[in-house]
Amino acid sequence: MEDDMMSVNENHLGDHPCSEMEMDEGLTGTSKGAEENFTSEKGEASNVVFSRESPLLTQDPRISGACGCAAKKLKSRMSASELESRKRDKHGQERKLSRQDRIELGRMFQGAVSSHNWEVAESLISLADPQTLNDALCIALDSIWFLRNQHELHGINGLIRKIISNGAYDFTRAALRTSFLASCVSACQSRTMSLADTVTVMAHRLHERLQECNGDEVLKVEAGAKVQKFTEWALKCISFHTRSQGNRNRVGQSSAVEIQLQLSAFKSFLDLAGNQLTGKDFTEAFDAACFPLTLFSSSFDPGWASGISATAIQGLLGMLVEGGADNVNQCFLEASRFGSTELVRILLQIAQRNSLDVDVDLALGFASHYGKIRTMECLVEEGNAIAFLGPLMRAAERGCMEVVQWFVGRGCRDMELCLAPTAATSRSQVGIAAYLLPHVPQHVLAALSIEILKAAGERSGRSLEGVHFLLRSDFLGDAAATYAVADSIARSEDEGVAPELRAFLLEHWSEAAFAEGLKHGEDHYVNITRILRRGRSPICLRDLPVPLLAAIAYLPLYRECVKTSGRLLPQRLRGQLVEAARRLGGGPLGEANQGRELLAVLEHQIPPFLVQPRSSVA
């Protein structure tokens with residue numbers, strides 16, 4: 001997976017009294033995959049989403065007259081000859097407005113657009129230099145996402161045409177920036193979130209996202225600060241337009257008619273841009289539109305993607321795909337990784353409408369790795385993801401019980417259920433293995449028992465606790481069969497058996513280990529007898545009560561057996577226990593007797609206060 005690249009550009013328009021609405025740097029976000037590292041570098045103007053903006057003025061009925069008067073004052077400062085020759089100097093090079101003139105011109109243009117005074121806005125265009133024209137194009141294009149009627153649509157389309165005919169050329173920046181803003185507008189129309197909460201939600205989600213990414217911590221902090229700044233800019237822009245429409249704390253939902261007007265305006269811009277926008281531009285704009293939705297995903301209403309709020313962003317993304325965006329699958333995988341369920345749903349619909357391939361199975365792997373259950377449900381139910389084996393095994397290895405339970409609940413195939421405990425035991429995730437084993441059909445376990453133990457041993461590294469757990473839990477449900485499988489591998493000369501596994505089974509779980517345990521038990525009994533008969537202790541051990549003698553002789557063995565919880569005991573330990581039970585008068589005991597029966601003999605002989613609760617022996 002390649003890294004997301006974020007580039008910044010200084011594009012000063014000037015300092016205004018309302019400087020909180022200005023953006024000093026630009027952003028380009030091109031998602032190349034689901035893993036991200038962040039780098040920042042100085043970018044060219046054509047790669048900028050946001051540039052420094054003139055302030056967003058308060059909607060006021062007097063603003064129209066104010067803009068007109070200010071425009072006249074600005075013109076009056078320039079003689080007729082200056083206006084005529086403004087665009088060229090004596091060498092024929094493009095002239096730039098002075099800093100003060102650009103500040104005033106930007107302020108007036110923003111005010112005229114905000115008040116829908118198209119006549120004044122168009123009159124200001126004739127005064128703009130190329131850089132100011134590009135800024136004006138961005139300002140005008142951003143306003144399309146707040147259109148409410150046909151009159152406003154006609155006005156903004158005419159204004160954009162005039163800006164372009166007068167020399168605006170930075171279509172890339174305008175397209176990327178307005179795509180980002182449109183996404184924020186759609187996200188903020190979720191009923192669960194007010195504008196007052198939006199910045200906090202966004203900042204928290206951005207922090208989570210960066211923590212999930214690989215890369216240099218300093219670069220991640222810098223990237224996070226930049227992205228937060230850009231998003232705050234968009235939210236302030238939305239807040240301004242929301243207040244101007246009479247909604248002070250929540251973004252009003254656009255009607256279906258209004259959304260069609262907004263999309264129509266964006267389509268008109270794309271038509272005007274023509275081949276000035278390349279496939280790369282459409283790809284980056286697509287990424288810019290998807291990025292905010294990953295930040296806001298946790299605040300969306302369930303089913304947001306199928307509601308009216310998402311219609312605009314669906315239409316925007318669709319047009320970008322038609323224009324040549326080729327990163328639908330990359331954004332889809334990234335959205336799955338970060339649990340952006342509603343964006344995943346939208347991208348599935350776009351891929352289906354445009355006959356595009358998206359890797360739903362790989363996306364399921366990403367979502368399950370990060371425990372995004374809602375996204376997993378969407379990918380299976382709506383994306384028809386069916387590859388459960390890989391994600392299930394990785395979840396078992398990591399010990400992610402919630403994800404494992406979800407897969408089992410969805411219905412796994414027998415082979416998937418069989419291999420998952422193997423993955424869990426290979427990483428000593430005994431809790432996961434204990435949950436999975438009862439779900440595996442016994443005939444499947446019996447058929448693959450040798451391969452299960454071999455695979456668990458090969459993948460376990462130096463720890464064989466998982467293998468030990470499988471045997472102790474009697475994973476075949478038949479003690480004789482479980483012991484036989486362990487002994488078979490221990491005696492096997494198969495080069496595919498890990499040496500560590502063979503040595504472990506030979507020492508603890510083989511028939512040879514059982515025989516050695518019997519012999520050790522016999523030697524222990526002989527030693528105890530000699531001590532009782534020949535010992536020179538001041539205490540006459542032979543005169544002690546029988547329970548105390550039994551405790552002296554076998555309490556360490558009893559405690560070791562209890563500590564080794566499980567249905568079966570290792571063969572070496574079982575051999576010692578068989579011999580101990582026989583010496584204590586447990587009656588005829590064969591090798592078929594298992595741990596619980598043998599422990600009962602010891603518990604009957606030793607003092608009651610030394611007996612541990614039966615529940616401690618699993």
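These are my notebook entries on a predicted model.

**Entry 1: the whole chain**

I started with the overall make-up. The protein chain has 28 helices and two strands. I then asked what share of the 618 residues is buried. Buried residues make up 54% of them. I also looked up the accessible surface, which comes to about 27100 Å². Carbon and sulfur atoms hold 52% of that surface. For contacts with a separation of 6 or more, I noted that 78% join residues 24 or more positions apart.

**Entry 2: helix α18**

I turned to α18, residues 401-410. Which of its residues are buried? I listed V403, V404, W406, F407 and V408. Next I checked what these buried residues pack against. I found α15 (360-369), α16 (373-381) and α17 (389-398) on the list. The list also holds α19 (414-426) and α20 (430-436).

I then looked at M401, which is found in α18 as well. Is M401 buried or partly exposed? M401 counts as partly exposed, because its relative accessibility is 27% and the buried class stops under 20%. I looked up its contacts, leaving aside neighbours within four places in sequence. M401 is in contact with G431, I432 and Y435. I took the C-alpha distance from M401 to G431 and got 8.4 Å. The two residues are 30 apart in sequence.

After α18 comes G411. I read its phi as positive, near 100°.

**Entry 3: positive phi outside glycine**

I kept one background point in mind for this entry. Most residues other than glycine have a negative phi.

My first case was S428, with a phi near 60°. That is a positive value, and S428 is not a glycine. Where does S428 lie? I placed S428 in the loop between α19 and α20. S428 is partly exposed, because its relative accessible area is 25%.

My next case was D474, with a positive phi of about 55°. D474 is not a glycine either. I found D474 in the loop between α22 (465-472) and α23. I asked whether D474 is buried or exposed. D474 counts as buried, because its relative accessibility is 10% and the limit is under 20%.

**Entry 4: T482 and its partner**

D474 led me to T482. T482 lies in helix α23, residues 479-491. I checked its cover and found a relative accessible area of 0%, so T482 is buried. What joins the side chains of T482 and D474? I found a polar contact of 2.5 Å.

I then listed what T482 touches, not counting residues up to four places away in sequence. The list runs L471, D474, F475, L476, G477 and L568.

**Entry 5: pockets**

I moved on to empty space. Rolling a probe the size of a water molecule over the atoms shows where such space is left.

The largest pocket holds about 310 Å³. I counted 15 lining residues. Y525, I528, L532, L549 and A553 lie nearest its centre. Which elements give two or more residues to this lining? I found α25 (511-534) and α26 (546-563). I sorted the lining into twelve nonpolar, one polar and two charged residues.

The second largest pocket holds about 250 Å³. I counted 14 residues in its lining. Nearest its centre I found L437, F469, S473, D474 and R567. D474 thus turned up again, this time at a pocket. I sorted this lining into six nonpolar, five polar and three charged residues.

**Entry 6: cavities**

How many cavities of 30 Å³ or more does the whole structure have? My search found seven. I followed up the second largest, with a volume of about 80 Å³. Twelve residues line this cavity. L105, G106, F109, T132 and A136 lie nearest its centre. I noted that α3 (99-114), α4 (118-125) and α5 (130-142) each give two or more residues to the lining. Which element gives the largest share? I found that α5 does, with five residues. I sorted the lining of the second largest cavity into nine nonpolar, two polar and one charged.

Technical notes. Residues are numbered from 1 along each chain as its sequence is written. This is a predicted model: local features need pLDDT of at least 70, side-chain atom pairs count only at pLDDT 80 or more; totals for chains, interfaces and linings use all residues. Side-chain values use heavy atoms; hydrogens and water are left out. Helices (H or I, at least four residues) and strands (E, at least two) are DSSP runs, numbered from the N terminus. Buried means under 20% relative accessible area, exposed over 50%, partly exposed in between (1.4 Å probe, protein chains only). A polar contact is a pair of N or O atoms within 3.5 Å; within protein, one must be able to donate a hydrogen and the other to accept it, and residues adjacent in sequence count only if both atoms are side-chain atoms. Contact means heavy atoms within 4.5 Å. On a 1 Å grid over the protein atoms alone, a cavity is a set of points where a 1.4 Å probe fits but cannot get out, and a pocket is an open set with protein on both sides within 12 Å along at least five of seven lines; lining residues have an atom within 4 Å of a point. Grid points are joined across faces, edges and corners, and a volume is the space filled by probe spheres set on the points. Ala, Val, Leu, Ile, Met, Phe, Trp, Tyr, Cys and Pro count as nonpolar, Asp, Glu, Lys and Arg as charged, and the others, Gly among them, as polar. Accessible areas come from the Shrake-Rupley method with a 1.4 Å probe; for residues, only the protein chains shown count as cover.
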